[in-house]
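This report describes selected features of one protein chain, from individual charged pairs to its sheet, cores and internal spaces. Please keep the sequence and the structure open while reading.

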Amino acid sequence: MNLVQCVGYATMSSKTIIQISVRNLVEYVYRQGDISLGYFGRSRMVEGTKAHQKVQKSRGKDYKKEVSISNSVDRRGTLLKLRGRIDGILEKHGLTVIEEIKSTSGRLANLTEESNQVYWAQAKFYAYFYAVQNKIKKIGIQLTYYQIDQNKTKLFFKEFTFKELESFCLEIMDKYLDWAIILSNWLEQRNDSRVNLHFPFTSYRKGQDKMVKIVKEVIENEKKLFCQAPTGIGKTIGALYPSIKSMGSNFDSKIFYLTAKTTTRFIAEETLEILRDSGLKLKSTTITAKAKICFKDEVLCDPNYCEYANGHFDRINDAVKDIFQENAFSQKIIEKYAQKHQVCPFEFSLDLTNWSDCIICDYNYVFDPRVYLKRYFLEDKGDFIFLIDEAHNLVDRARKMYSAELTKKPILDLSRATKEDIPELSKILNSLNRYFIVIRKECELFDKKYFVQKELLDDTLFKILRKFSAVTTDWLEKNIPTDFREELVEFYFDARSFLRVAEDYDSRYITYIRKYGNNVKIKLFCLDPSFLLKEALNRGNSAVFYSATLTPLDYFSDLLGGDKSSTKLQLPSPFPKENLCLMLADTLSTRYVDRESSYEDIADWIKEVIKAKTGNYLVYFPSYEYMRAILANFEIKSKSFEILEQQQGMTEEEREVFLNKFSSYGKKTLVGFAVMGGIFSEGIDLIGEKLSGAIIVGVGLPKVNLERDMIRNYFDNLRSKGFLFAYTYPGMNKVLQAAGRVIRTEEDRGVVLLIGDRYSTRTYSVLFPEAWSEVQRVYDNLSLSTIVKDFWKK
């Protein structure tokens, strides 16, 4: 939970009432010192819930666990209402003892009684409250550390009088009070503005009013919504406006606006500004990836290297108070105040989410166990609304988040690199390397490139990884600069991820081993992420998934954590149907075995579409190989057009150059050749004459590979829909995204040509959106040319 996640505001006569969790209060007051790799290790390796449960089960039958506790204290005319949850209460020789349980991945031997004063402070507050309620004059505190890799514990015990605890707690409260009053005053302004907020436009767009109404109902009923909202409806404000109106009135009420791309984050920021111009008082934070916001040439959180990491926590509270005069904590604003106060901009942005009402960030910060915001999601369910934009991207992203893999080469390289500096670690890595050699020999013995099995490998691998994790954690805490540090940190997190995924491993996973020359990869592959996504969504109250291409809705609801109570909404396009000329050339097969014979015909069809009107066009293909083959044929026949070709691994600068070409139009026809599902097939807006049409070759099927076939087999066994779930639906989604580039506003007109006989089958025709009901079939160059010319004459 965050530092002020449980702050609330109310007035009783002239007295201000402030609600806050104990943990948040002590963390705010106690933070000091540097950011270091050790700091990240502690914050991200916490696996509190499972550790708590294991320790609690080992206690006796009289042990009381998860005891809610609260107390109100009047300080300087302000009533502080504090609350928390005691991990456990036990009796020792007639003395009541409050137990605080903490997990660690480091060595227990390195922990001392004074290792973490925040833990002791939190336990002191719980002990004080319990002593007040039960009129106890003397009470004990037991701090229990649980080593998550070795399943061992280490205990520290202290005894306190009531007076000692009272004096300590009142001093901490006074240090927090001034800041808490500022927050409460802001909260009152926010809530008043929400109540008085009206829709910022004079009228709703077609379908937008229905979206607003359903989103509001879903949030108020704490359910999930899966909404296909075509381009032009205004889905960003259609989701944000009712969410803001329906969110709770305390600081623990937050909206998480989740996106897959930077462009959609900008749209969310712009939409919030529109609402602020209409009177809304709301603070928002945009989280930018550390690599993009870091001020240093190298992203190295070492206080000896980075002046922003050095003493960061000594300055962070002043930085937060200063920036609080702003309402939108965008990347630019965060960088400005981070420079001013010399704090790490990335950690600053994470801190600012504590005092923000809306958090704009990547999917990872809610769903990915490696990086999700544990300050919110580690313990209790929060009063959160999740808005998932472009939700069609989340299926494959979730599979990656919940999968893990290890390869042999980095292990061998690190074992050699650490031999002199960390001999103990080098020996562990050697053991791990030998394990991979045995597996490689098994592949060679049976002359196989890969093995697949439905269960985890034997525990030998995990014992070595746990030992590696413990030793590496301790070494990283020392912040010793070495040439191999970056590689070690990377493999350390890979190993931690592998261990974590192993704990979640069940029938929705599969294990496979693959041999690449002398290298070997072991992967724990998540076939079905729905259960883990549902667990993540349960950390909040409601979730709204929306995209222009959630087709079919049942498929996305199944895989994204929906249930029987989820609402499904499919909205019509707000654009006039006559603005789109949709054509289908279904006399030709684009299947892999038939592709070579299709090159010349497809090149001719591309030429027929684009010669009818001087403009800009995009041609989409299912693969680079197919694209290049047709491009070679097209270039021979069409030398009068300017041609662009998407390259694999393009830099951001190269992408910008490609897209900027579409800003010019009218003088010479421009044709861009690109792949479906790539950087130019979604998330780009080429409005008006910037794009006159798109030609889509094939049905967008993902390339046949080992993992796709595993998904196919899994869903065949589960519900006999393997090919649909693994290939058809993901492919059609790419098609819909590519076609959606053409009509972006009510004034846009354009042509789309679908090429491939499979489009005429029922499997695909039932997936066509309502706006595609008037598709025109073309049979040859003449019929194609006639339809296109007639359209542009209108």
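## Charged pairs

Glu171 is partly exposed, with a relative accessible area of 45%, in what is a predicted model rather than an experimental one. The side chain of Glu171 meets that of Lys175 in a salt bridge, with 3.8 Å from N to O, and Lys175 is exposed, its relative accessible area being 52%. Both residues belong to helix α5 (residues 162–196), where they are four residues apart and are therefore separated by about one helical turn.

A search of the whole structure finds 47 salt bridges. One of them joins Arg59 to Glu99, whose closest N and O atoms are 2.5 Å apart. Because Arg59 lies in the loop between α3 (48–57) and β3 (64–75) while Glu99 lies in strand β5 (residues 95–104), this pair ties together parts that are 40 residues apart in sequence. Arg59 counts as partly exposed at 24% relative accessibility, whereas Glu99, at 0% relative accessibility, counts as buried.

Another salt bridge is formed by Arg708 and Asp396, with the closest N and O atoms 3.2 Å apart. Here Arg708 lies in helix α25 (residues 706–719) and Asp396 in helix α15 (residues 394–401), so the pair ties together parts that are 312 residues apart in sequence. Arg708 is buried, with a relative accessible area of 11%, and Asp396 is partly exposed, with a relative accessible area of 35%. Elsewhere, a network of salt bridges links Arg31, Asp351 and Arg375. Such contacts fit a general pattern, in which side chains of opposite charge can pair when their charged atoms come close.

## The open sheet and strand β9

Eight strands form an open sheet with parallel pairing, in the order β11-β10-β12-β9-β13-β18-β8-β19. The edge strands are β11 (328–329) and β19 (567–570), each of which pairs on one side only. Within the sheet, β9 pairs with strand β12 (residues 358–362) in the parallel sense over five bridges, and Thr259 stands opposite Asp362 in β12. Six bridges join β9 to strand β13 (residues 383–389), and these two strands also run parallel; the bridge partner of Tyr257 in β13 is Leu387. From β13 the pairing continues to strand β18 (residues 542–547) through five bridges, again in parallel, with Ile388 standing opposite Phe545 in β18.

How much of strand β9 is buried? Seven of the seven residues in this strand (residues 253–259) are buried, so β9 is largely enclosed by the rest of the structure. In a regular strand the side chains alternate between the two faces of the sheet. Both faces of β9 are covered, since Ser253, Ile255, Tyr257 and Thr259 on one side are buried, as are Lys254, Phe256 and Leu258 on the other.

## Nonpolar cores

The largest nonpolar core holds 195 residues, of which Phe125, Phe348 and Phe367 touch the most other members. The largest share of this core comes from α5, which contributes 13 residues. Leaving aside residues up to four places away in sequence, Phe348 touches His312, Ile316, Ala319, Val320, Ile323, Ile334, Tyr337, Ala338 and Val343.

A second core, separate from the one around Phe348, has 34 residues and includes Tyr624, Ile630, Leu753 and Leu784. More generally, nonpolar side chains tend to be buried together in soluble globular proteins.

## Cavities and a pocket

Counting those of 30 Å³ or more, the structure has four cavities, and the largest cavity encloses about 110 Å³ of space. This largest cavity is lined by 14 residues, and those closest to its centre are Cys294, Leu300, Cys301, Cys306 and Cys344.

The second largest pocket has a volume of about 500 Å³. Of the 27 residues that line this pocket, Pro230, Ser573, Pro769, Ala771 and Trp772 are the closest to its centre. The largest share of its lining, three residues, comes from helix α26 (residues 722–739).

Conventions. Residues numbered from 1 in each chain as written. Predicted model: local features only at pLDDT ≥ 70, side-chain atom pairs only at ≥ 80, totals over all residues. Heavy atoms only, no water. Salt bridge = Lys/Arg side-chain N within 4 Å of Asp/Glu carboxyl O. Buried < 20%, exposed > 50% of the residue type's maximum accessible area, 1.4 Å probe, protein only. Core = buried A, V, L, I, M, F, W, Y, C linked by side-chain atoms within 4.5 Å. Contact = heavy atoms within 4.5 Å. Pairing = 2+ DSSP bridges. 1 Å grid on protein atoms, 1.4 Å probe; cavity = no way out; pocket = protein on both sides within 12 Å on 5 of 7 lines; lining within 4 Å. Points joined across faces, edges and corners; volume = space filled by probe spheres on them.
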